[in-house]
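This report goes through selected features of the structure shown below, from a single hairpin to the contact between chains.

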Amino acid sequence: MTRTTNPACRSLEHVVSRRSLVHGIGALGGAAGMAGITGHGLGLCGGLAASAAIAETVRAGGKRVLVIFLHGGVSQLESWDPKPGTDTGGPFRAIPTSVPGVHVSELLPHTARQMHRLSIIRSLDTRNGDHGRGQREMTSGRDQPAPLDYPHLGAVVARTSAPAGFSLPGHILVRGGGGGAGTSAYLGPRYAGVVMEDGQPPAHTARPDALSAEADRRRSLLRSRMNDRFAGRRRTADTDAYTQSYDQALDLLEQRHVFDVSRESQRDQDRYGPHEFGRHCLLARRLLEHGVPFVQVNHSNYDTHHENFDFHIEQLGEFDRPFATLIDDLTVRGLLDDTLVCVMSEFGRTPRINDRYGRDHWGTAWSVVLGGAGLQRGAVIGRTNANGTAVEDRPVDHGHLFHTILRGVGVDSHGTFHVAGRDHPIADPAKGPIDELLT
Amino acid sequence: MSEPPAIDPTKIREVLAHKHGRPLVSCCWDPRDRFICFGAENSAAEGYDDLLFRLALASAGTPAAVVPCTGGHDSWAWSLAIAPDGATLISGGYDGRLCWYDLAAAAPRAARSLAAHDGWVRCVRISPDGRWAASCGNDRLVRVWNVADGSEVSRLSGHESHVYHVAWRPDGSALVSCDLKGVVKEWDAAGGACRRDLATAAPLWTYDKQFRADIGGARAMAFRADGAQLALGGMTKVTNAFAGVGQPLVVVLDWTGGEPRLVEAKNSGNGVTWGVAWHPAGFWIGLAGGGGGGWLRFFKPDATDDFHAFKLPANGRCMALSPDATRVAVGMADGSLRVYALHA
C-alpha cells in the first residue's frame with residue numbers, strides 16, 4: 001500500500017485508531033469522523049515508523065502478552081507470599097505447589113498445581129499506595145507523576161508484536177470492573193486499548209438491524225467508488241487513512257465472531273465456570289488463539305480495607321480455577337511458549353491487619369506472578385522477611401517488570417521508538433530486566 | 001447471701017481489663033463462672049500454640065491467670081463454645097477443624113481434633129442439654145456432633161452460600177442457621193431435615209456492584225430465653241463493602257412468623273454487629289464494631305432503636321454474657337479483653 005505525503009503526519013499508524021474507527025462506525029461518512037482522525041494526526045504524528053534497529057530487534061514473531069489485573073490490590077499474603085503463623089499472616093495456611101519447596105496461599109489450590117509453569121516475584125517495592133498511580137506505574141513501567149504520558153504495556157506490545165496486516169485490535173482490555181483504558185500516548189490511537197466492557201464485543205461492531213446486508217453492501221460499494229474517484233485526483237495520507245479505517249472496520253465486522261465467547265464449546269464454558277471472570281478467561285484464550293498480541297483481563301475487586309479474609313475467599317475463589325484452567329489450556333495448546341502471562345495489581349496490601357479485619361494499601365513488599373514465553377518457569381525471585389514487612393532480597397519495581405515482560409516476548413526494551421522527530425525509550429532507561437528470570 | 005445487683009445498663013462500668021496484646025477474635029464465658037476463654041490473632045513468633053487461651057476469673061485482689069489451650073488449631077480459633085456443665089470447651093477454626101479441650105485441666109491441650117468443614121468453621125454452639133454440638137462453615141453445611149465422643153449425629157445440607165452462624169433454641173427443640181445471603185433455616189438436628197425457612201434476614205446481605213462481591217451473613221445469633229424471638233447481627237445499608245461503609249444491624253425474627261424487625265445502630269457510625277445476647281432483665285445487647293468504633297448497644301424486644309449505647313475504647317469483635325448476667329465480656333481489636341458490669 002502506498003503511503004503518500006502529508007505535511008503533518010506521514011504515518012497511518014497514528015491516524016487510524018481501531019477504537020476510534022469502531023466508535024466512528026455509527027457515524028459512517030460523517031465529516032466529523034474525518035476531522036477527528038485528522039485532528040489526532042495533526043496533534044501527535046510526525047512519522048512513527050519505528051527505527052530499523054527496533055524492527056530488527058523485535059523477535060516477537062507472533063508472541064503475545066496476557067495481563068490479569070487484580071484491581072484494588074490483591075493481598076500478597078493471601079496469594080503468592082503467605083506468612084502463616086506470624087503476626088501478619090492472617091488465618092489462612094500455605095499449601096505446597098507443583099514446584100518443590102514453593103508454597104502459596106491455600107486460597108489458590110488449582111493455581112498451585114500450575115506453578116511449575118509460572119514464576120513468582122516476591123520482592124516488588126514500588127513505594128506507592130495510590131490506586132491510580134499504581135495502575136499507571138504497573139502498566140507503563142514508569143514512575144508517576146511523569147513529565148510525559150507513557151504508553152500502556154498493551155500499546156507497546158501491539159506496536160512491537162502485531163504481525164503485519166493484522167486486522168484485529170492489537171490491544172484489548174476485557175474489563176470486568178476496575179478502570180484502565182490503556183492509553184497509547186505518543187504511539188498514537190491505533191495502539192490504544194479496545195475495551196470489551198464486561199466481556200461484550202467492542203461497541204458498534206454489529207450491523208444495525210434496520211440495515212439489511214444487501215443495503216450495507218451497496219452502501220459500501222458506493223462509498224468505495226466515490227473514494228476511488230476522489231483519490232484519483234486528490235489523494236493524501238489522510239484520505240488513505242480514511243479509506244483504510246473503513247476497510248479495517250469492515251474486517252472487524254467480519255471477524256466479530258472472535259469476540260463471541262459463546263462460540264466456545266459448552267464443555268469449555270463449563271470448565272471455566274459460569275461467572276464473569278471464568279467467561280473472561282475463556283474469552284482471553286479465544287483472543288490469544290486468534291493472534292491478538294495483548295489482552296488484559298481485569299478482575300475486580302481486591303481493595304479489602306474491611307474483612308479482607310472473607311473477600312479474598314470470595315474473589316480468589318473466583319480467580320483460582322479459571323486462571324489455572326487458562327494456564328493449562330495455553331500449555332496444552334502450545335500457546336504458552338509464545339504467550340507471556342502476568343498477574344499484577346496496582347500494589348499489595350499491608351502486612352498489618354487493621355481493626356476491621358482488613359488490610360490497607362501497601363507497595364513496599366509485594367508480589368506478582370509471571371510465566372510463559374521467554375521466562376523461566378517455577379522460579380521464585382526475591383524474598384521478603386519473616387512477616388512480610390520488608391524486601392530482604394532482590395528489590396525490583398514496575399520499571400524492572402516492564403523491561404522483563406518485553407524482553408520475555410523478544411522486544412529489546414532498551415530500544416527506542418522514533419516519533420515526531422523524537423526518540424522515546426521503550427522502557428525506563430534507568431531500569432533493566434530481571435535477567436535471572438529470562439531464559 | 002447478698003442480693004443480686006439491680007441491672008441497669010446505663011450504669012455500665014469496666015471491672016476488668018486484660019491486656020493480651022494481640023487482637024482478639026472470639027470469646028466465651030464458662031457457665032460455672034470460673035473462666036473466660038478467648039481466641040486471638042497470631043503473635044509475632046511463628047507457631048500455633050498461642051491462638052486460644054483460658055483466663056481464670058480472679059477473686060478480689062488476685063491477678064487473673066492466663067494459660068494457652070494448645071495442640072489444636074493451626075489457624076485462628078474463630079468460634080468457641082463451652083458445655084453447660086463447664087467441663088468441655090470446643091473451638092472451631094479457620095482451618096476447618098473442631099477441637100475439644102478439658103477446660104479444668106491445668107494446661108488444657110486438645111484431646112480431640114477433627115476435620116469438620118471444608119474451609120473455615122464459622123460457628124460452633126453446644127445444645128442446651130450439652131449432648132450435641134452444631135457447627136457450620138464455608139462448605140455450606142451444618143453438622144451436628146456428639147459432644148461425648150465427637151461422632152457425627154447429622155449433616156444438614158440446603159444452604160446455597162457460606163453458613164455463618166448457628167443457634168440452638170433454648171428448649172433444645174430446634175437448631176437454626178443463617179448464611180451469607182441471610183437465609184435462615186430451622187433444622188431437625190437429629191433427623192437432618194430442614195423444617196422451614198424462617199422469614200429472611202435479607203437486609204443483612206448486599207451484593208456490592210462496584211466491587212463485585214457479596215457482603216453479609218449473621219455474624220452473631222441468639223434466642224430470647226423463652227425462644228419467642230431470634231436476633232441476628234450483621235451489617236446493612238452497605239454503600240462500600242470493601243471499606244466497611246454500612247450500618248450495624250440487628251434483625252429480630254419472631255419464632256411464630258411475621259415481618260422481621262430491624263434495629264439499626266443509628267448513632268454508632270459504620271460497622272458490623274459482631275455479638276448479640278439476650279439479657280434476662282428483658283433487653284437485647286448488641287456489640288457493634290467498625291469504622292464507627294466499638295459500641296455496646298441495649299434495646300428492648302419491641303423497639304427499633306437503642307435505649308442506651310456505650311462507647312468502647314476500641315473496636316469490639318466478640319462478646320459473652322456472664323452466667324449470672326451481671327457482666328459482659330468484650331474481646332477487642334486492640335488486644336484487650338474487657339469485662340463490664342451492667343450495674344452501679
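## The β20-β21 hairpin

In this predicted model, strand β20 (residues 220-223) of chain B pairs with strand β21 (residues 229-240) of chain B in the antiparallel sense, over four bridges. Five residues lie between β20(B) and β21(B), and the two strands form a hairpin. Within the turn, Gly227(B) has a positive phi of about 75 degrees. Phe223(B) of the hairpin stands opposite Leu230(B), which belongs to β21(B).

In a regular strand, side chains alternate between the two faces of the sheet. Both faces of β20(B) are covered. Ala220(B) and Ala222(B) are buried on one side, and Met221(B) and Phe223(B) are buried on the other.

## The sheet of β1, β30, β29 and β28

Four strands of chain B make up an open sheet with antiparallel pairing, in the order β1-β30-β29-β28. Its edge strands, β1 (13-19) and β28 (316-321) of chain B, each pair on one side only. From one strand to the next, the twist averages 20 degrees.

Inside this sheet, strand β29 (residues 327-332) of chain B and strand β30 (residues 336-341) of chain B are joined by five bridges in the antiparallel sense. Ala329(B) has Val339(B) in β30(B) as its bridge partner.

## Ala329(B) and the nonpolar core

Leaving aside residues up to four places away in sequence, Ala329(B) touches Cys27(B), Trp29(B), Ile36(B), Met319(B), Ala320(B), Leu337(B) and Val339(B). The largest nonpolar core has 200 residues, and Ala329(B) is among those that touch the most other members. The others in that group are Ala284(A), Val295(A), Cys27(B), Ile36(B) and Cys37(B). The element that gives the most to this core is helix α12 (residues 308-332) of chain A, with eight residues.

## Chain B as a whole

Chain B contains 30 strands and zero helices. Its radius of gyration is 19 Å, close to the 20 Å given by the globule rule for 344 residues, so chain B is as compact as a globular protein of that length. Along the principal axes, the C-alpha atoms of chain B fill a box of roughly 50 × 45 × 45 Å.

Of the 344 residues in chain B, 53% are buried. Among contacts in chain B between residues at least 6 apart in sequence, 48% join residues at least 24 apart.

## Contact between the chains

Chain A gives 23 residues to the contact and chain B gives 25. On the side of chain B that touches chain A, 10 residues are nonpolar, nine are polar and six are charged.

Notes:
Residues are numbered from 1 along each chain as its sequence is written. Chains are lettered from A and ligands numbered from 1 in the order in which they are written. This is a predicted model: local features need pLDDT of at least 70, side-chain atom pairs count only at pLDDT 80 or more; totals for chains, interfaces and linings use all residues. The radius of gyration is taken over C-alpha atoms; the globule rule is 2.2 Å times the number of residues to the power 0.38. A residue is buried if 20 or more other C-beta atoms lie within 10 Å of its own, exposed if 12 or fewer, and partly exposed in between; C-beta atoms are placed from the backbone. Two residues are in contact if their C-beta atoms, placed from the backbone, lie within 7 Å. Two strands pair if DSSP finds at least two bridges between them. Axes are lines fitted to C-alpha atoms, for helices over the stretch in contact, and angles run from 0 to 180 degrees between N-to-C directions. A nonpolar core is a set of buried Ala, Val, Leu, Ile, Met, Phe, Trp, Tyr and Cys residues joined through C-beta atoms within 7 Å. Ala, Val, Leu, Ile, Met, Phe, Trp, Tyr, Cys and Pro count as nonpolar, Asp, Glu, Lys and Arg as charged, and the others, Gly among them, as polar.
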